[in-house]
Number of protein chains: 2
Amino acid sequence: MARATIADVARRAGVSKGLVSLALNDRPGVSAETRTRIQRIAEDMDWRPNPAARGLSAGRAFALGLVVHRERHTVEVDPFFASFIAGVEEALSQDNRVLVLSVVTDADTEAETYRRLSKDRRVDGFLLTDFLTDDHRVALLRELDTPAVILGDPAENIPFPVVSRDYARGVESLLAHLAELGHRRIAHVTGDLQMQHASRRRDHFLTHCRALGLEALIAEADFSPERGAQATVELLDGDHRPTAIVYANDPMAIAGIAVAHERGLNLPADLSVAGMDGSDIGRYTYPSLTTLNNDPAGWGRQAAAVLLELIEQGEAADAALPGADLIIRGSTGAPA
Amino acid sequence: MARATIADVARRAGVSKGLVSLALNDRPGVSAETRTRIQRIAEDMDWRPNPAARGLSAGRAFALGLVVHRERHTVEVDPFFASFIAGVEEALSQDNRVLVLSVVTDADTEAETYRRLSKDRRVDGFLLTDFLTDDHRVALLRELDTPAVILGDPAENIPFPVVSRDYARGVESLLAHLAELGHRRIAHVTGDLQMQHASRRRDHFLTHCRALGLEALIAEADFSPERGAQATVELLDGDHRPTAIVYANDPMAIAGIAVAHERGLNLPADLSVAGMDGSDIGRYTYPSLTTLNNDPAGWGRQAAAVLLELIEQGEAADAALPGADLIIRGSTGAPA
DNA sequence: TTGAAAGCGATACCAA
DNA sequence: TTGGTATCGCTTTCAA
């Protein structure tokens, strides 16, 4: 019942442990014949390398780390992570690696967690989500000398590979769609602008509004439905009331729809609303939510692949996912 | 820069490695004086045990496993896990353990993942969420001889400790609330009835409807907004149209609200709606969602604590979380 | 109470 | 191409 060790395999094959190691790791220095024989025996014995032993010897963990930092009140509303992790999984399990996940609710614990996982060699590298405009984790991970891959589109030059996804075109399609419907004054409720993808989205919004000759309003929020609702109230009460509001994510858009309904507005006639997450729940709101599609599993797969390459090869190229596309549903229409 | 090893500590303390090990693990056989001296030196050198070495020697991983099985289309809508994991974290980090998370989208991969994590000793035990009425994982984990803790309230006698939370009282409060408002015919849209907490909730619903003299309708769904919407359509189209619908989770309730709005119903006058998740987004729908509260972080903390005790002590008692309470918001009112 | 040494299961180097 | 052996950092056993 106890798992076979490399010594068992060696004994049964009548060779040394070292040779078995070479054979099973596809490394040169073993005759083809011996290699296949050893491999067959190992398979036969259902041998699998012990990660602890391997890790101790090789100084590696065969694990990737993901540290998610969420404020307590924001922690639950994230349609992104489950699919993202499922995507990561696809890249890892073949290779017998695992994902170590930590969810922390304050910045000190966050830094400490990166330190601990890295110094204890619990992971070989990190996936960096929710990248900030001036992200302290870059310096931290350089100090720790730990590989990482960044999800996003940093402005600065970063010493880590980046996996990005173009939102410019998606935002442009969305604004063109609204313009075509007849909207002229459009608002954007931002995410937490410390986050790089939030500020990017705002920039895209402003750029393409200008290009399309639209009047642009900005209301700052932080991705939480609470702040999204609050920003909506401000916009609807303001002097320059927009006919359409584009939210940086879907939960805020859903909260915005609620605020509009509460005021007796008819959607989309009195107000058009759009999100940017492509979340599934947006298909089942009323009206259903126009949004940009998303591919969390794709993010996960790609990010994990790049990180693994960085860990294995010492370097890895940036990668880009297919850009965001517009999903038109019921929440956008011609203004009354 | 390289981390201090136990040998470094031993050298500096002028004792043997074995003694250091005893001292730092709070085990008997070291004089109090020597122990504190060693501990001070270790702290001074910022020594931390290497998990790989420890794991290899002790045959343990110092990690807990969580395998989440979700269908592709359900994978994103879960307000539960982020907070849950944050709670688990609180119980783990002090002790220098980690959580290994896997998200899988089919049953074969699920079983294989449990096998792999257990046999490779990547984890010392599992947290079993979404427990099924007749859960195949029980047999699997017995076969693997791996500790586990169950979240839920299994009917059968299970060879693992259980962390449970009473929903009977919450469901009762909810139904009493509706009865008091004047509702007489109330429907319940169920979760996936294979899941033990879904069937429990249905049972509570039926029991307390009977006790309160309410007419009860059941529409079967699976926790997904899609099926929740579909069930709502059926209920509203049926001959015995209810004046209130209680959904087994909040995402389905949100989808139900959308269906009602689409038909021009006024909520709550034409239809009262309630969820059972206490999700944050439910505060920002229109109308805001009456629901039962939840404590995912509490689940995580408690489940991790019980599992750690089981791993350390070889046995652990069941635990119960404080019961669910009713949160009355705008989506329930007197029928017109 | 303490020290010395033998594992745990792999990798890696040096000889043969 | 192969075998033998040291090594990774810790725990544990056996003597002293």
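These are my notebook entries on charged residues in a predicted model, taken mostly pair by pair.

**Entry 1: salt bridges overall.** I began with a search of the whole structure, which returned 38 salt bridges over all chains. I then picked out several of them to look up individually.

**Entry 2: a pair within one helix.** In chain B I looked at D8(B) and R11(B), which form a salt bridge whose closest N and O atoms are 3.3 Å apart. Both residues belong to helix α1 (residues 6-13) of chain B, where they are three residues apart, or about one turn of the helix. I noted the accessibility of each partner: D8(B) is partly exposed at 24% relative accessibility, whereas R11(B), with a relative accessible area of 60%, is exposed.

**Entry 3: a pair between two helices.** Next I looked up E90(B) and R301(B), for which the salt bridge has its closest N and O atoms 3.0 Å apart. This pair links distant parts of the chain, since E90(B) sits in helix α5 (residues 81-93) of chain B and R301(B) in helix α12 (residues 296-313) of chain B, 211 residues apart. I recorded E90(B) as partly exposed, with a relative accessible area of 29%, and R301(B) as partly exposed too, with 34%.

**Entry 4: chain A.** Here I found a salt bridge between R202(A) and D203(A), with 3.3 Å between the closest N and O atoms. R202(A) counts as partly exposed at 23% relative accessibility, and D203(A) is likewise partly exposed, its relative accessible area being 35%. I also noted a network of salt bridges in this chain, in which R60(A), D95(A), R97(A) and E312(A) are linked.

**Entry 5: a negative patch.** Turning to the surface of chain A, I noted a negative patch formed by E71(A), D106(A), D108(A) and E112(A). Of these I followed up D106(A), which is placed in the loop between β2 (98-104) and α6 (107-119) of chain A. I asked myself whether D106(A) is buried or exposed, or something in between. At 32% relative accessibility D106(A) counts as partly exposed, and because patch members need over 30% relative accessible area, I kept that value beside the patch entry.

**Entry 6: a buried arginine.** Last, I looked up R137(B), which lies in helix α7 (residues 136-144) of chain B. Its relative accessible area is 3%, so R137(B) is buried. What lies 2.8 Å from a polar atom of the R137(B) side chain? I found the backbone oxygen of T129(B) at that distance.

Technical notes:
Residues are numbered from 1 along each chain as its sequence is written. Chains are lettered from A and ligands numbered from 1 in the order in which they are written. This is a predicted model: local features need pLDDT of at least 70, side-chain atom pairs count only at pLDDT 80 or more; totals for chains, interfaces and linings use all residues. Side-chain values use heavy atoms; hydrogens and water are left out. Patches are made of residues with over 30% relative accessible area and no salt bridge: like charges are joined within 9 Å, nonpolar side chains (Val, Leu, Ile, Met, Phe, Trp, Tyr) within 5 Å. Accessible areas come from the Shrake-Rupley method with a 1.4 Å probe; for residues, only the protein chains shown count as cover. A salt bridge is a side-chain nitrogen of Lys or Arg within 4 Å of a carboxyl oxygen of Asp or Glu. Lys and Arg count as positive and Asp and Glu as negative; His and the chain ends are not counted. The place of a charge is taken as NZ of Lys, CZ of Arg, CG of Asp or CD of Glu. Helices (H or I, at least four residues) and strands (E, at least two) are DSSP runs, numbered from the N terminus. Buried means under 20% relative accessible area, exposed over 50%, partly exposed in between (1.4 Å probe, protein chains only). A polar contact is a pair of N or O atoms within 3.5 Å; within protein, one must be able to donate a hydrogen and the other to accept it, and residues adjacent in sequence count only if both atoms are side-chain atoms.
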